[in-house]
Amino acid sequence: MKFELTILGCNSAIPAYNRFPTSQVLRVGHRLYLIDCGEGAQIRMGELAVRKNKINQIFISHLHGDHIFGLIGLLTSYSLGGREKPMDIFSPKGLKELIEVQIKYSESHLSYPLRFHEVDTNISKLIFEDGFIEVVSIPLIHRIPTTGYLFREKKPLLNIRPKQIKKYKLTVEQIVEIKNGADFINPEGVTIPNRELVLPPLLPRAYAYCSDTQYNESIIPIIRHADLLYHETTFLQDKLEQAKMTMHSTTVDAATIAKAAEVGQLITGHYSSRYEDLTMFEKETQAIFANTVIGMDGEKYEVLQKRGSAHT
């Protein structure tokens, strides 16, 4: 099953240098989850052939314009296309009021229901789950209430070794039990341990999205060992004081968090428009955390499935 992040926009504040403001899509299997929706998100979806009708959940980190100014356009476009399925939107307090005012005074009429879910930005908790993932909020520290999101794949069922099905003449009911972790007792009363019947388990994958935030070590236990970490890097390290003043992060901040959390890969983003050339972002982050990539509009980052070394 595919687990892949697509960057729709990687800039902060305003579009610049062919970089749109922040927006991303996470694909897990055939489901798509939209994360923030800055200006131009719809345009990028069209350019990248993102199947936006597969999006049924939207996760907004905070209400600054570079993270939400594309949202009302997207929502009304869905209506123009005749959407009927509900849309669930997760965000800090206030987004429902903003959207409803825009709909009211533009005399727009949606063809589908919006379901708003207010996220408490002061605590980390499970806020959404379906058959594939769990989403946990990540409290961040910014000028207004802000939350990140940890998308964690649910533990998949075990895969039985085909030869064992034939060897023990397993029934469908027994196969289901074994896939859920049960041992097998043969007709002679001998217990066959589950680990001898199944392949090593597929390891669940995780993506941590840390939007606008000042340096914050309290998120480390929440995001520890995530396969992918997006952490904003608005400024290079020589602008540390400005980062502190605006409650943003530098390259060194993000790389330090990635290293401490022992994540698989760090993706940078939310670049200030003062920077056209991003070469130094790569140098400064990789000096601390080698497995860093410079997030750019249109780039995709896939996490391949891996099996554990042994079944436990």
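## Pocket lining, backbone and packing

Strand E2 gives the most to the lining of the largest pocket, with 3 residues. The model is a predicted one, and the description below moves from this pocket to the overall fold, then to single residues and to one pair of helices.

The largest pocket has a volume of about 230 Å³. Two elements each give two or more residues to its lining, namely strand E1 (3–9) and strand E2 (23–28). In total, 15 residues line the largest pocket, and those nearest its centre are Arg-27, Leu-32, Ala-49, Val-50 and Arg-51. What is the make-up of the lining by class? It comprises 6 nonpolar, 3 polar and 6 charged residues. As background to such an analysis, rolling a probe the size of a water molecule over the atoms shows where empty space is left.

Leu-32, one of the residues nearest the pocket centre, lies in strand E3. With a relative accessible area of 10%, Leu-32 counts as buried, because the cut-off for that class is under 20%. Leu-32 and Glu-4 are 28 residues apart in sequence, while their C-alpha atoms are 9.5 Å apart in space.

Turning to the whole protein chain, the secondary structure consists of 11 helices and 16 strands, and the C-alpha atoms fill a box of roughly 70 × 50 × 35 Å along the principal axes. Of the 312 residues in the protein chain, 50% are buried.

The table gathers residues by element and exposure.

| Residue | Element | Relative accessible area | Class |
|---|---|---|---|
| Leu-32 | strand E3 | 10% | buried |
| Asp-36 | strand E3 | 0% | buried |
| Leu-80 | helix H3 | 79% | exposed |
| Leu-266 | strand E14 | 0% | buried |

Most residues other than glycine have a negative phi. Against that background, which sign does phi take at Asp-36? It is positive, near 60 degrees, in a residue other than glycine. Asp-36 belongs to strand E3 (residues 31–37) and has a relative accessible area of 0%, so it is buried. Glu-262, which is not a glycine either, has a positive phi of about 55 degrees. Whereas Asp-36 sits in a strand, Glu-262 is placed in the loop between helix H10 (251–261) and strand E14 (265–268). Its relative accessible area of 47% makes Glu-262 partly exposed, because that class lies between the limits of 20% and 50%.

Strand E14 also holds Leu-266, a buried residue with a relative accessible area of 0%. Leu-266 and Asn-291 are 25 residues apart along the chain, and a distance of 6.4 Å separates their C-alpha atoms.

How do helix H3 and helix H4 pack, and at what angle? Helix H3 (residues 71–80) and helix H4 (residues 95–105) pack at an angle of about 60 degrees, and their axes are 11 Å apart. That angle makes H3 oblique to H4, because it falls outside the roughly parallel range of under 35 degrees and the roughly perpendicular range of 65 to 115 degrees. The crossing in which H3 passes H4 is right-handed.

Leu-80 is found in helix H3, and at 79% relative accessibility it counts as exposed, because the cut-off for that class is over 50%. The C-alpha atoms of Leu-80 and Leu-34 are separated by 19 Å, with the two residues lying 46 residues apart along the chain.

Notes: Residues are numbered from 1 along each chain as its sequence is written. This is a predicted model: local features need pLDDT of at least 70, side-chain atom pairs count only at pLDDT 80 or more; totals for chains, interfaces and linings use all residues. Side-chain values use heavy atoms; hydrogens and water are left out. On a 1 Å grid over the protein atoms alone, a cavity is a set of points where a 1.4 Å probe fits but cannot get out, and a pocket is an open set with protein on both sides within 12 Å along at least five of seven lines; lining residues have an atom within 4 Å of a point. Grid points are joined across faces, edges and corners, and a volume is the space filled by probe spheres set on the points. Helices (H or I, at least four residues) and strands (E, at least two) are DSSP runs, numbered from the N terminus. Ala, Val, Leu, Ile, Met, Phe, Trp, Tyr, Cys and Pro count as nonpolar, Asp, Glu, Lys and Arg as charged, and the others, Gly among them, as polar. Buried means under 20% relative accessible area, exposed over 50%, partly exposed in between (1.4 Å probe, protein chains only). Axes are lines fitted to C-alpha atoms, for helices over the stretch in contact, and angles run from 0 to 180 degrees between N-to-C directions. Angles under 35 degrees count as roughly parallel, over 145 as roughly antiparallel, 65 to 115 as roughly perpendicular and the rest as oblique. A crossing is left-handed if the near helix is turned anticlockwise from the far one by less than a right angle, and right-handed if clockwise.
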